[in-house]
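Ready for some practice with a protein model? Work through each exercise yourself, then compare your steps with the solution.

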Amino acid sequence: MAKPYANELERLEETFHWACSVDIDPLKRAVKTASLSPLAAIGSGGSLTAAHALVWLHQSFGGKPAVVNTPLEAVDAILDANVAQWLLTAGGSNVDINAAAKYLIEREHRQVAVMCGRPGSPVTELCDRHPFVDLLMFSPPAGKDGFLATNSLLAFTALLARAYQGIFDPRADWTDVQDRIAPMLNADTETVQQWRADTNGLWARSTTIVLYGPSTKVGAIDIESKFTEAALGVAQIADYRNFAHGRHHWLAKRGEESSVLALVGDEDEAIADRTLALIPPGVPTARLKIPGRGITSQIGSLLAALHVTGWIGSARGIDPGQPGVPDFGRKLYHLSLPVRPRLRPAKNMSTRAISAIERKTGESVLRLERRGTLTQWQEAYSRFADRLEATAFGGVILDYDGTVVDTRHRFQPARPDMAAELVRVAESDAVLAFATGRGVSVRKDLRKVLPERLWSRVVVGYYNGSMIASLDDDAWPDGTDEVCPELKDLAAALAESEELAGSADQTNRRYQITLEPRHYMAENRLWDLTHQIILRTGCRDAIVTRSSHSVDIVATGVTKTNVVRHVLDMASDRAVLAIGDRGRWPGNDYELLNNFPGLSVDEVSVDPDTCWNFAEAGQRGIAVTRMYLEALESKGEGLRFRRGAFE
């Protein structure tokens, strides 16, 4: 495990260049999702510094609140499910981060993302069992860190900075950051040598007070972490103004054993100069200049922390990479995290029922029990489950994006395990159908996974049910970009909107207009802009819904329930099962799932009679669709759910 610290510093340049060139498209997609909501960044040890970097990026670029949590804090915090949860771990094997990941996945936050540096680790195996988790794998070329986080920390920070800049400031040139960071990577550069000379006089004192500004906080956090973890000395950190609120008193009483290190970004010059001028003359001080602003100064301050750790280690005869780990330390490391128990109501309920009711109500079952409303929701759950098991289905209608394919990979064909279930349904005496907002692309993808012999038996409702045809019909869908008369004026008004034109792609089809954000754009913002234009034009012949990646505007009469009616005719009026992911209004599966029998794999409506989600805790999306389909059995008169499938 231990490596000489100097050897790790020698790999910083290689690591940074790798982080500047590796593909980060999956990370950018995850950041785009996270940017729609507040965020909690979770890390321990060195990864806690990376969590602070993520919080700074999220607040500075996205303008959303963000907090740093340790794993222990994360499992104790009761945060709204809309808070994005990001776990950062270089190795993916420590017991705390794995316990926190399991707990947060089961709480079903809107986004759970895990950034990890080692494939095949316990946390990545956990994520593989929950496909909705954004698993972001980045293995730095320097390999596993030694005792202290070094190259993995620099890599994660740089990767996250690239992603946030790419989403929020796509015109910015990352090479500008590279050029400014380059002089801070190597210990032999003039910049780093000057830093070393400036700090030489600090290490004779046992306590180092580290002052920082908003743009150099990451470096200060890491200095405190490394000084403590490697037993290099005492580091007290404070921003320039918080230092003035009582913390300065340490120097009045213990100035003879203290020194002051100031991290100074371009934005901190004035406050740093005035603060340092008031430090008592007998206290050694160093003003460590970090060139640049924003991302550059944060990464620069981190590099300064990494170099400073090496210098104080040399001064005190400790190799920070090989400080030695005591036996009691190993035992402490492997203690189990005390995970908050999932409290159950007094009534005897299965975990599946608890999860389903909590999704429906947005409340804990304990709170429902205290209010006296739990019994009615239990009855609604049981009533719906019993009806499902008692019904023979003559058809199964599936939404596509988010239901058959993961939205993150929506332009790839369905996975083999999903395709096998689709084939099984198509080979039964029930009708297999799809209701999607997409056009010809879905026909091509379905043909890749379904045998040609089945195409004539498969129904596709294109563009939210405006066009319905069998999969073998090459004449459909009509992909013309000339919209119907009811939407013509609205399509023109949307195209003429300067804000929409600059931030969203507009695709016109005969009965549908689709708006997809080109860069980052809050989902509500696109929704509000669309409605504002609709109201201004006075268009009364449009229905607006949201999918997981777009806003769809369709003409009156265009609805996925058209597909339901079509399949009911084919199935001789036998019941038709509908499965989708956006069952909550204004999701584009709301109407599809709003009548019995409708099952959701994600968002549900408030209706107690339909649109339930029966997934196990911590599952959603395509894994749930597959679970539903696997539970269906061919019984001659159609498909039935296996008895006890939802117990």
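**Exercise 1.** Find what percentage of the chain's residues count as buried.

*Solution.* This is a predicted model. A residue is buried when its relative accessible area is under 20%. Of the 647 residues in the chain, 54% count as buried.

**Exercise 2.** Work out how the radius of gyration of the chain relates to the globule rule.

*Solution.* Begin with the secondary structure: the chain has 26 helices and 21 strands. Its radius of gyration is 29 Å, and the globule rule gives 26 Å for 647 residues. These values are close, so the chain is as compact as a globular protein of that length.

**Exercise 3.** Decide which parts of the chain the salt bridge between D273 and R287 ties together.

*Solution.* First, look at the pair: the side chains of D273 and R287 meet in a salt bridge, 3.0 Å from N to O. Next, place each residue: D273 lies in helix α13 and R287 in strand β9, so the bridge ties together parts 14 residues apart in sequence. Finally, check accessibility: D273 is partly exposed at 39%, and R287 is partly exposed at 29%.

**Exercise 4.** Determine whether R352 and E616, which form a salt bridge, are buried or partly exposed.

*Solution.* The closest N and O atoms of R352 and E616 are 3.8 Å apart. R352 sits in helix α16 and E616 in the loop between β19 and α26, 264 residues apart. Now apply the cut-off: buried means under 20%. R352, at 11% relative accessibility, is therefore buried, whereas E616, at 49%, is partly exposed.

Terms used. Residues are numbered from 1 along each chain as its sequence is written. This is a predicted model: local features need pLDDT of at least 70, side-chain atom pairs count only at pLDDT 80 or more; totals for chains, interfaces and linings use all residues. Side-chain values use heavy atoms; hydrogens and water are left out. Helices (H or I, at least four residues) and strands (E, at least two) are DSSP runs, numbered from the N terminus. The radius of gyration is taken over C-alpha atoms; the globule rule is 2.2 Å times the number of residues to the power 0.38. Buried means under 20% relative accessible area, exposed over 50%, partly exposed in between (1.4 Å probe, protein chains only). A salt bridge is a side-chain nitrogen of Lys or Arg within 4 Å of a carboxyl oxygen of Asp or Glu.
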